Amino acid sequence: MNFRPGLEGVVAVQTKLSDIDGDNGKLIFRGYHADQLAKQYNFEEAVHLLLYGRLPEPLELRQLKDKLAKERQLSERLKNLMNDLPEEMEMMAVLRTCISAMESQPAWPPTVEEAIRIIAIIPSILTYRYRQVNNLDPIPPKQDLDHVANYLYMMKGELPKASHVRALNAYFVLTAEHGMNAATFTSRVITSTESDLFSAITGAIGAMKGPLHGGAPSEVMKMLHDIGTIDNAEPWLRKALENRQKLMGFGHRVYKTNDPRSVALRDITGDLSTEDDWFAIARHVENTAITLLEEYKPGRKLYTNVEFYAAAVFRAVDLPEMLYTPTFTASRAAGWCAHVLEQAENNRIFRPLSEYTGPVKLK
Ligand code: ACO
């Protein structure tokens, strides 16, 4: 068999969790279009779909929400651990350390209850740490708020606007799962050794932390900030393309048409655009860039990817930049957990081959 760098084009796993149709711009979670889920359902319902295989009945949803709310409380052990970590330690490293420290008596095979513990606790870890390094008092979770609303509440200490919850909820649903990306693959490889869920998620966070993966939309934000005004969009973008720069938030390895997540986030953030001129600039940059990309990169089919409108959502809800990649992790943890459960259900240890390229016959 030929060596495929980065396993590109290799089907390594069979899954019932998601299907990405890059040519037609479709993303399916267990038979449902992700963009429709993001518009009609909340994150807890998407979590139920991923973990249990179907959307919940009202009573099942209530039970899942209650379980998630109960597991939000940070233990003294995790708080003490975070208090002891150096202030300069980056948020993804803090999160990785905390999830690793949660393991006491992990189960094999991993359980849905463990998955719920992990999904529930991530926003509490992130907001506790965010407030700690900013010398702000921690905000305990509010049991009667849904997952995403409670995340914003623990961050800011005030009840979030419904429009902000709706936008961030859509982001959480849309990014909860996305096929065999590097972090998800990592979680499945770790599980395949019959290690535990906490190790698998710790490893996935380690993979997500790399700049080629977590790909926080900070670069999009920086680009839009540099452009600054509608009038400056075309000259700025033209100059960037003439200098062979990549436009941030455009292009995707798999999607060769619109990224359905980007389209859904653009629709959902539409009603926020009245609050902030920045959205008008973002739309103008999108339209101008697509026209210019056709001119400078004919036939490459480059459109906005999820990062472009994730930047819009994060800006709208006033998410601090240190929480960009960690917030992506908070949503994607649902997909990782579902993959770990699926891997454990029908396990075979990963053991690909390597091709020796070193010296031969030295003696
Ligand atoms: N701006 C300008 N040109 C681009 C862009 C872009 N954003 N993306 C691709 N191209 C061009 C390349 O220069 C190349 O042109 P060439 O054939 O003349 O050399 C051609 O399109 C193919 O590009 P590749 O880099 O080979 O495409 P690939 O599928 O490997 O890359 C990637 C996908 C990495 C996302 C790329 O489009 C990119 O770097 N985009 C900008 C960064 C970005 O937005 N990252 C977030 C991705 S979404 C996510 O990670 C969740």
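Helices here are DSSP runs of H or I at least four residues long, strands are E runs of at least two, and both are numbered from the N terminus. With that in hand, we can place D318: it sits in the loop between α15 (306-316) and α16. Keep in mind that what you're looking at is a predicted model. D318 has 11 C-beta neighbours inside 10 Å, and 12 or fewer counts as exposed, so D318 is exposed. Even so, the C-alpha atoms of D318 and L152 are separated by 9.5 Å, although the two residues are 166 apart along the chain.

Let's step back to the whole chain. The protein chain has 16 helices and three strands. Its C-alpha atoms fill a box of roughly 70 × 60 × 45 Å along the principal axes. A compact globule of 363 residues would have a radius of gyration near 21 Å, and the chain has 21 Å, so the two agree. Buried residues make up 45% of the 363. If you take contacts between residues at least 6 apart in sequence, 76% of them join residues at least 24 apart.

The three strands are a good place to start on the details. They make an open sheet in the order β1-β2-β3, with antiparallel pairing. β1 and β3 (32-33) stand at the edges with a single partner strand each, so one side of each has no neighbour in the sheet. Strand β1 (residues 18-21) is joined to β2 (residues 26-29) by four bridges, and one residue pair to look for is D21, which stands opposite K26 in β2. The two strands form a hairpin with four residues between them, and G25 in the turn has a positive phi of about 65°. On the other side of the pairing, β2 and β3 are linked by two bridges, again in the antiparallel sense. There, I28 has H33 of β3 as its bridge partner.

In a regular strand, side chains alternate between the two faces of the sheet. You can look for that pattern in β1: S18 and I20 make up a covered face, while D19 and D21 make up an uncovered one.

Now for the interior. The largest nonpolar core has 103 residues, and V313 and C337 are the ones with the most contacts inside it. Helix α16 (residues 324-345) gives the most to this core, with 11 residues. The core also draws at least three residues from each of domain 1 (31-212 + 320-345) and domain 2 (216-316). What does V313 touch, not counting residues up to four places away in sequence? The list is A167, L168, Y171, L265 and T269.

A330 is found in helix α16 too. It has 24 C-beta neighbours inside 10 Å, and because the cut-off for buried is 20 or more, A330 counts as buried. Setting aside residues up to four places away in sequence, A330 touches I122, P123 and L126. A330 and I118 are 212 residues apart in sequence, yet their C-alpha atoms are 9.3 Å apart in space.

Helix α16 turns up again if you look at α9 (residues 182-192), a mostly covered helix with eight of its 11 residues buried. Those buried residues are A183, T184, T186, S187, R188, V189, I190 and T191. What covers them includes α10 (197-208) and α16. After α9 comes E194, whose phi is positive, near 65°.

Finally, take a look at the annotated positions. An unreviewed UniProt entry carries the annotation "active site" for H252 and E307. They are spread over 56 residues of sequence but cluster in space, with a largest C-alpha distance of 10.2 Å. Where is H252 placed? H252 is in the loop between α12 (230-242) and α13 (260-268). Although it is a loop residue, H252 is buried, with 21 other C-beta atoms within 10 Å. Leaving aside neighbours within four places in sequence, H252 is in contact with D259 and N305. E307, for its part, lies in helix α15, and with 24 C-beta neighbours inside 10 Å, E307 counts as buried.

Terms used: Residues numbered from 1 in each chain as written. Predicted model: local features only at pLDDT ≥ 70, side-chain atom pairs only at ≥ 80, totals over all residues. Core = buried A, V, L, I, M, F, W, Y, C linked by C-beta atoms within 7 Å. Domains from an automatic or database assignment. Contact = placed C-beta atoms within 7 Å. Pairing = 2+ DSSP bridges. Rg over C-alpha atoms; globule rule 2.2 N^0.38 Å. UniProt positions renumbered as here; feature names shortened; annotations may be inferred.
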